[in-house]
Every structure is written in C-alpha cells, then in structure tokens.
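Thank you all for coming; I would like to walk you through one structure this morning, going from its strands to its pocket and then to its cysteines. Please keep the sequence and the model in view while I talk.

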Amino acid sequence: MANYGNYCTREDLKRAANWSGTDKHAQIDRLADAASRQIELATRRWLFSRTQTRLYRWPSFQQPYGSILDLDADLLSVTTLQAKAQDTTPTTIVAADYFLEPNNQGPPYDRIEIDLSSTAALESGQTAQRSISVLGAWGYGNATKTGGTVASGLASDAAATSMVCSNASLIGVGDVLLIQSEQVFVSERAFAALGSILVNDAGITAAVDDNSITVDGSHGIVASEIIQIDSEEMLVLSVATNVLTVVRAYNGSILATHADDTAVKINRTLTIVRGVNGTTAAVHADAVAISVYVPPVDVRTWCIAEAISLYNQEGAGWGRVVGAGDGAVEMSGRQLAELRRSMTARYQRVRSAVI
C-alpha cells in the first residue's frame, strides 16, 4: 500500500526556507515526500492512520501456542478480528473477548491479547498460514486539526479530483484530509474566482504601503489566506468587514496597480487524490467538515530540516559546499545528524515493522 501524506507541506518549506514563486514547487513537493518516507524508514512507523487488513500466521514461529498476537505494525483500533481467516467460514472474535495492549500506553498498540475469561481463541484454519486477520486503523497516531468545510466539488461525483475548501489557510499541499470516512491527499492548489468577489476600491496603486484593500460584501475571505488580483498575490493579515489588510507582492509576484471591479481570486481550489490509505472514495455534501491529519510538532520540524537539507545537497551536486566565494557554506550536517539521532531514539518502533 502506498503511503500518502507528508509530515511537512509545501507551504511549511517555503516559509522555513524563505522560498517564493512557483518554479520550485515540483522539487519542493518531491523533497517533502522523500523526507517523509525517510522518517518512516528511520522510525519504522507510519505516523498517520491508514485502513488495512493485515494477516498473520497462527501458530507463529515465535509463538507456537498462547493467546497473544504480536503485531508487526502500530495498531490504533480494530474493526474486525478473525481467526481461521483463510477458511470459507472464518471465526469473528468480538471486541469484548480481547484486549488491545499495552492498555496503559496505547494507542498505538503492539499486540492483541485474548481475554482468558472468554471462550474465544486464536485458531489456525486449514493451514497455519494467514490464519489471523486484523482489519483496522494502523499507524502511530490519528491526530487532526480542523480544516474548515467542503465548499463544492464533491457532492455529485466520487471520482472528482478537484474540490473547493472553505478556508485555504488551514490546508497545505502534501496534507491528508479526512472527509467523513474518506482520506484524500492534496497534490496541488490553484486560484479561482469564487462567486463575484470584486475589488471595491477607487484604485489600488503599485505601492507596498497601499495595503488596505476594500472588496465587495459577503466575501468570506479570512486572515492568513492568499488572494490574487490580476497576477499579484497578497497575503491577508487581517479582515475588518470589507477591508483587507494585506502584504503586497506576496510569493514573488509583481507589485501592480489594480482597477475597481477587478475580480478577487482565492487559492481554495485543491487537486486531490481520492480514497487514499485504504479508504473508499465517496460523495460528500457541501458544508461537510474537513479534518487535517497532523504529525507531532517535532516530527514536522524534523521533516522540514530533512527536506531543506536534501534541497541544499542537490544544489551542491551532493558535495560538501553550497555556493561559491564569500557565500560558500559547508554542509557538515552536524545539527541535522543530532536531530535525526534524537528523533529516531524518541519515535523508533522497537518491534519490527513493515512499512
């Protein structure tokens, strides 16, 4: 199963490295993905939640008998547990007849123990191979933050690959979104005119301090979103009714004059991959809530550091020096190596895992 979801977003990297423009987007996205997969290999963990059925031999080579099933990956919750899974009539073990352990620390859990006061048992079928089936949510964590709501695009087609969100500041490229029971991966975003939001200003000059922009009513724009007027991008710092306080010429765009009644575009249109991480694509009505999966804060920092290091190493041709002359920087990587050691020690799964 392919892993969808990066532990830092395109926007995280652009802010951290002070990159602007769109020319690096493909490279940034690739490096965020590479750094995320590198973290999974180092920790032997998938840090987000994915739905999957995992099959186990019973009796196993390590456990020829007993009531404990050791797991080869982090388990968050069980949907269905079955013994004799390869038989035509598997035995379903109900939740009341087993424990997820360690109870005092999980989730995630690393084993399933049959309740010895029950009559349930881990049993092999016609053969020992693939006798136990565990369908559930697997991963280190399933923490989320609010991502606003679905504004449009998903109400009539479960195969649609474009959607509009209600608040672009809450979602980044590389994020995994949870919409009802479906996970979707954000692979790109674009500006679009939403409704008929127009400049309601006598004229916006090409001056960085001309940063109060009046727009039509019922605009719905919120602070931290990015808008586009003509080809100039602006970061919205605050909103007071119809007056937006903005940072002009944002993201490397060109400062320009703008006429009254010019369309105001917002980067809320997302290109998405549907039904990722074992979930099933479905239709979703407008105004349905969006949740965004979030890694631990220190893991996000680690991912940013790894991705920026990869970027600099590529720029140096994988040499030890970036730049030339007075601007040359030696890439010793000592701080990153120490960060990598400390984070691996903190998050590495001790039991063997299959990523």
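Let me begin with strand E9 (residues 176-179), which runs antiparallel to E10 and is joined to E10 by four bridges. Before going further, I should say that this is a predicted model, in which local features need pLDDT of at least 70 and side-chain atom pairs count only at pLDDT 80 or more, whereas totals for chains, interfaces and linings use all residues. Residues are numbered from 1 along each chain as its sequence is written, and side-chain values use heavy atoms, with hydrogens and water left out.

As for the terms, helices (H or I, at least four residues) and strands (E, at least two) are DSSP runs numbered from the N terminus, and two strands pair if DSSP finds at least two bridges between them. Within the E9 and E10 pair, Leu177 has Val184 in E10 as its bridge partner. Two residues lie between the strands of this hairpin, where Gln180 takes a positive phi near 55°. On E10 there is also an antiparallel pairing with strand E15 (residues 263-273), made by eight bridges, and there Glu188 stands opposite Thr271 in E15.

Turning to strand E6 (residues 132-138), six of its seven residues are buried, where buried means under 20% relative accessible area, exposed over 50%, and partly exposed in between (1.4 Å probe, protein chains only). Strand E1 (residues 50-56) runs antiparallel to E6 and is joined to E6 by seven bridges, while strand E2 (residues 68-83) pairs with E6 in the antiparallel sense over six bridges. Which residues stand opposite Trp138 in E6? Arg50 does, and so does Leu75.

The next element is helix H1 (residues 10-17), whose buried residues are Arg10, Glu11, Asp12, Leu13 and Lys14. What covers them includes helix H2 (25-43), strand E10 (182-198) and helix H3 (297-315). After H1 comes Asn18, with a positive phi near 60°.

H1 also brings us to the largest pocket, which holds about 700 Å³ of space. A pocket here is an open set of points, on a 1 Å grid over the protein atoms alone, with protein on both sides within 12 Å along at least five of seven lines, and lining residues have an atom within 4 Å of a point. The lining of the largest pocket counts 31 residues, and those nearest its centre are Glu11, Arg15, Arg189, Ile226 and Tyr250. Two or more lining residues are given by each of H1, E10 and strand E13 (232-240), with the largest share, five residues, coming from H1.

Finally, the cysteines: how many disulfides does a search of the whole structure find? The search finds zero, a disulfide being a pair of cysteine sulfur atoms within 2.5 Å. Cys165 is in no disulfide, and the nearest cysteine sulfur, that of Cys8, is 19 Å away; Cys165 is also buried, with a relative accessible area of 0%. The sulfur of Cys303 has its closest cysteine sulfur in Cys8, and because these are 3.3 Å apart, they are too far for a bond. Cys303 is likewise buried, at a relative accessible area of 0%.

How values were computed:
Contact means heavy atoms within 4.5 Å. On a 1 Å grid over the protein atoms alone, a cavity is a set of points where a 1.4 Å probe fits but cannot get out, and a pocket is an open set with protein on both sides within 12 Å along at least five of seven lines; lining residues have an atom within 4 Å of a point. Grid points are joined across faces, edges and corners, and a volume is the space filled by probe spheres set on the points.
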